[in-house]
There are 2 protein chains.
Amino acid sequence: MASLQEVADAAGVSRSVASRALSGDARARISAATRERVQRAAELLDYVPNHRAQALRFARSGAVGLIVPDVNNAVFAELLGGVQDRAREVSMSVLLSQIDPPPTGREQLRELVGAGRVDGILLQRREDFDDRKLGAVLTKAVPAVLINSKLEDRVGSVVLDDAAGVSLATRHLIDLGHTRIGHLAGFAAHDTAVRRHQGFCAAMESAGLPVRRAWVQRSGWEARGGADAVHRLMKARTKPTALVVSSVNAGIGALSALSRLGVRVPEDLSVVAINDTWVAETWTPPLTTVRMPLRTLGRRACSMLFDHLEGAPLTDVVITTPAPELIVRGSTRPL
Amino acid sequence: MASLQEVADAAGVSRSVASRALSGDARARISAATRERVQRAAELLDYVPNHRAQALRFARSGAVGLIVPDVNNAVFAELLGGVQDRAREVSMSVLLSQIDPPPTGREQLRELVGAGRVDGILLQRREDFDDRKLGAVLTKAVPAVLINSKLEDRVGSVVLDDAAGVSLATRHLIDLGHTRIGHLAGFAAHDTAVRRHQGFCAAMESAGLPVRRAWVQRSGWEARGGADAVHRLMKARTKPTALVVSSVNAGIGALSALSRLGVRVPEDLSVVAINDTWVAETWTPPLTTVRMPLRTLGRRACSMLFDHLEGAPLTDVVITTPAPELIVRGSTRPL
DNA sequence: CACATGTGCGCAACCGATTGTTCATCGCCG
DNA sequence: CGGCGATGAACAATCGGTTGCGCACATGTG
């Protein structure tokens, strides 16, 4: 609550001297006695530098905006953890926000960044934000890093090695002897989903297995979508013996639907999903998953943004270490 | 990016006139022509008032700190939704933060509030923050509203009607004919858990049913705790026919453990839990729950903090409307 | 015509911290 | 003893916006 002026008064010096004494600037010529006196006064008065004043002076708000579509999402907590960790290391705060589709969204970003509430943003795109909408919201003036998403004509992204994760899952099934493998993919308009499907196809192809169109279903990323996709899938004349699901929540939805359809997992059908949560572990049967380095994703995105604010150029990064990790549980078994 | 000065220059007036013209102050004596000119210049230059400067001037950061123990928690997403909604209505931002136990935690709050990063905080206490720790962290100087928690010697809290929610759940079981009912409670040191257990006892008592000590187990709030509690409970000589679980995640954990123990739900045991999530709906069997007004909780807490910042006194509020809502699914059935 | 009133606008202080520059003083050396 | 450099501290501008006050001029009134 005490201002620098009050500390200065208490120490009997000017504001500037107080500032230099406390900042510990080596080039500042302050006598040891004065420095001591100022520091004691600051201590006594419980002085904390006013962040608002510093923000104005340095034209830096000291905060990043984290824009996420859905806090409920399984991946969010871990992602946020990484972001928070990194932000804390450099004394930045994380401002949580949501944005609407354009044109409102652009205004919101302008308010956020233009007004200086935040210095830059980390943006995890919404499912219904296609490339065009996203591009329309992100003007070049906004320092932004896209999380697990990428735009053609915009640099600045950190994405998981989605293909590797899905390939790992798919190979796991192949190693178990499965050949008739289906894929519950995300949204066609979403690059993450595209990359994941490519990983699936690559693994199948390198094992010499065909990708059957009827066994590839758009499921979205949530439980409901996974359940719906399973219902469609199970109408096919010939059925797969194993299933790769691009998202853990959809995977849970799939398990739930399968159970209600009377399809036994893993006896009749093996299921593996991408991303790991406590629900996967708790389900009956426990869901085999591929754990993706979400925390690292958050850290790296945050780091890139900070570095960019310090002048470094934005880049496009794929997180390859730590590598996706297969966690075998009860939902997969040899054919 | 353009400053007020630049707008003023473009319009050929002084900063003060530009400020008044744009703020729309009725008492300001500005000619219509000048006002028009300034507004057009602002439009043209894409002027957005610098939030940092305003923050300094008004000694208001325009942000609230939302401090939550665990973003992963089922209740968090909805709570946050309510907070965000309210904050957006008054153009405030929500800064997400975590705090450590004292003494570190107190320093963090000082930095957050004392330095003016946020104007006040909303605090959902961590399980391991007992009253003493919480009190040690919250100095009187910090405008804070406790969410779903309450301290004896500190005013400023918004809590759910926990007792009513648990009573509703308990009565549901009683109405189904159950008389041997157990309770998986939260943490003894947590006032929310205490209120919920009181709700359980009240419902039992008013139906003339005994509360058996062996059927009351501390489960915590997460799946693991619920599962462990079930294992302890099922060692009892006589077993209950129904179970009230104080938290939905613990409820899911309980269902999972019961399934592995071979106890059929709802044939052998009915289960109902507090709070509703998609996992409850998706589980097999779908979990009967009591939906609590978490969004309202967030809104009200946020509102109270804002009002307090405007000068209103803090109070202690219990949210009674909307009332807890029983959502009957497949985990409960008549005895 | 003189004076009171009103109108439109600019000056300058302020919020709190940082920092380039200036100023006064002291000691040292020639 | 005069001049010089080093030292320690204060002055003042700055970040961008807000606002009390005063100034100049136009209009209205007696």
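User: What makes a residue part of the surface near DNA strand C, and which ones come nearest?

Analyst: This is a predicted model, where local features need pLDDT of at least 70, side-chain atom pairs count only at pLDDT 80 or more, and totals for chains, interfaces and linings use all residues. Residues are numbered from 1 along each chain as its sequence is written, while chains are lettered from A and ligands numbered from 1 in the order in which they are written. A residue counts as near a strand if its C-beta atom, placed from the backbone, lies within 6 Å of it. There are 26 residues around DNA strand C, and A:L4, A:S16, A:N50, A:A53 and B:S16 come nearest.

User: Which elements give two or more residues to that surface?

Analyst: In chain A they're α1 (4–11), α2 (15–23) and α4 (51–58), and in chain B α2 (15–23) and α4 (51–58). α2(A) gives the most, with five residues. Helices here are DSSP runs (H or I, at least four residues), strands are E runs of at least two, and both are numbered from the N terminus.

User: How do the residues of that surface divide into nonpolar, polar and charged?

Analyst: You get nine nonpolar, 11 polar and six charged. Ala, Val, Leu, Ile, Met, Phe, Trp, Tyr, Cys and Pro go in the nonpolar bin, Asp, Glu, Lys and Arg in the charged one, and the others, Gly among them, in the polar one.

User: What describes the way α4(A) and α4(B) pack?

Analyst: Their angle is about 145° and their axes are 8 Å apart. Axes are lines fitted to C-alpha atoms, for helices over the stretch in contact, and angles run from 0 to 180 degrees between N-to-C directions. The contact uses A:R52, A:A53, A:A55 and A:L56 on one helix, and B:R52, B:A53, B:A55 and B:L56 on the other. By class that's six nonpolar, no polar and two charged residues.

User: Why is the crossing of α4(A) and α4(B) called left-handed?

Analyst: A crossing gets that name if the near helix is turned anticlockwise from the far one by less than a right angle, and right-handed if clockwise. The crossing of α4(A) and α4(B) comes out left-handed.

User: How many residues of chain A are in contact with chain B?

Analyst: Contact means that two C-beta atoms, placed from the backbone, lie within 7 Å. By that test, 39 residues of chain A touch 37 residues of chain B. The chain A side has 20 nonpolar, 15 polar and four charged residues.

User: What makes β2(A) and β2 of chain B a strand pair?

Analyst: Two strands pair if DSSP finds at least two bridges between them. Three bridges join β2(A) to β2 (residues 93–97) of chain B, so the pair qualifies, and the strands run antiparallel. A:L95 stands opposite B:L95.

User: How do you know that the two copies are related as by a two-fold rotation axis?

Analyst: They're superposed by least squares on the C-alpha atoms of residues with pLDDT of at least 70 in both. Chain A can be laid on chain B with an RMSD of 0.1 Å by a turn of 180° and a shift of 0.0 Å along the axis. The copies are therefore related as by a two-fold rotation axis. A:L95 comes closest to that axis of the residues of chain A, at 2.2 Å (C-alpha).

User: Why do the copies meet through the same surface?

Analyst: Because 95% of the interface residues of chain A are also interface residues in chain B.
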